[in-house]
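Colleague: I'd like to go over the pockets in this one. Can you take me through them?

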Amino acid sequence: MIKTIDPNSVSQQELHAYLLSAVAPRPICFASTVDKDGNVNLSPYSYFNIFSINPPIMIFSPNRSGRDGSMKHSHQNVLEVPEVVINIVNYAMVEQMSLASTSYDKGVNEFIKAGFTQVPSEKVKPPRVGEAPVAIECTVTEVIELADTPGAGNLILAKVELVHINDAYLNENAQLDTQKLDLVGRMGGNWYTRSSGASLFEIPKPIRNQGIGVDQLPENVRNSTVLTGNNLGRLGNLESLPPQESIDRIAALPEIKELLESTIDDVKIHKLAQKWLEENRTEDAMALLCIR
């Protein structure tokens, strides 16, 4: 059964709950801004991502209040002072970040309320969060107001001017280390996700050459009752079917010879291939599957 929802037939709150649970995890823009009088604001927004590298442009969207349509302080501030620091949020600071999302009165400094260290920026007026693993100084190039109704988004286009990286999060090649970063993402309701441990995984992907595709796999592999869609996707990412010498090498392995002599059932072979795929032995798994 499929539940189909017409946005015009449900309440704003109900639509909000469905969409924010479905479109997740979302990265978090922890935005520091200042108004024309120099008052500092710090607020998180999960309608956020990077959209261009040349020029380097990030976009976040502070929605209008769902109750009365009023503007968020960050929205007001960038109209007065078109600058923002986008602070990246990791697990070590997520509870403080959540506290900063409280609807404090205008003029209240969330750095102080949430206990963050206020560090002067170099190219823009808003300060950056000292605890953030990465802080990105930006100038605001455009504000696109989608509507003036309750819940309407406002796209703030922010051009990257300077990036500050805490070197504790770099690897031996001076690149950001995903496992060290321990970033968090926003889910629906009160839920967040943490990008660490078993939740992190790599998918090998051809960069310069195209994978052969699932449609080019042997028919018994495509129709396997064992191999999952992810397994087939991994196999389809290979650039070619294995050469005969690779197939012969796998077939000559003692464990494979014994397996082939003991069964004509594809299930056992496919289960072993699946095990090899989980161990990142993709070429060997493909060769095994091509033996017969």
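Modeller: Start with helix α1, which gives the most to the lining of the largest pocket, with seven residues. Keep in mind that this is a predicted model.

Colleague: Which elements give two or more residues to the lining of the largest pocket?

Modeller: They are α1 (12-22), β2 (40-45) and α3 (94-100).

Colleague: And how many residues line the largest pocket?

Modeller: The lining has 41 residues. His16, Tyr45, Asn63, Arg64 and Lys72 are the ones nearest the centre of the pocket.

Colleague: How do the lining residues divide into nonpolar, polar and charged?

Modeller: For the largest pocket, 19 are polar, 15 are nonpolar and seven are charged.

Colleague: What about the space in the largest pocket?

Modeller: About 1400 Å³.

Colleague: Okay, next pocket. What volume does the second largest pocket have?

Modeller: The second largest pocket has about 320 Å³.

Colleague: Which element gives the most to the lining of the second largest pocket?

Modeller: That is α7, with four residues. Both α7 (229-236) and α10 (266-278) supply at least two residues of this lining.

Colleague: Which residues line the second largest pocket?

Modeller: One stretch of the list is Phe201, Glu202, Ile203 and Pro204. Then come Asn230, Asn231, Gly233, Arg234 and Asn237. Leu277, Glu278 and Asn280 complete the lining.

Colleague: And by class, what does the lining of the second largest pocket have?

Modeller: Five polar, four nonpolar and three charged residues.

Conventions. Residues are numbered from 1 along each chain as its sequence is written. This is a predicted model: local features need pLDDT of at least 70, side-chain atom pairs count only at pLDDT 80 or more; totals for chains, interfaces and linings use all residues. Side-chain values use heavy atoms; hydrogens and water are left out. On a 1 Å grid over the protein atoms alone, a cavity is a set of points where a 1.4 Å probe fits but cannot get out, and a pocket is an open set with protein on both sides within 12 Å along at least five of seven lines; lining residues have an atom within 4 Å of a point. Grid points are joined across faces, edges and corners, and a volume is the space filled by probe spheres set on the points. Ala, Val, Leu, Ile, Met, Phe, Trp, Tyr, Cys and Pro count as nonpolar, Asp, Glu, Lys and Arg as charged, and the others, Gly among them, as polar.
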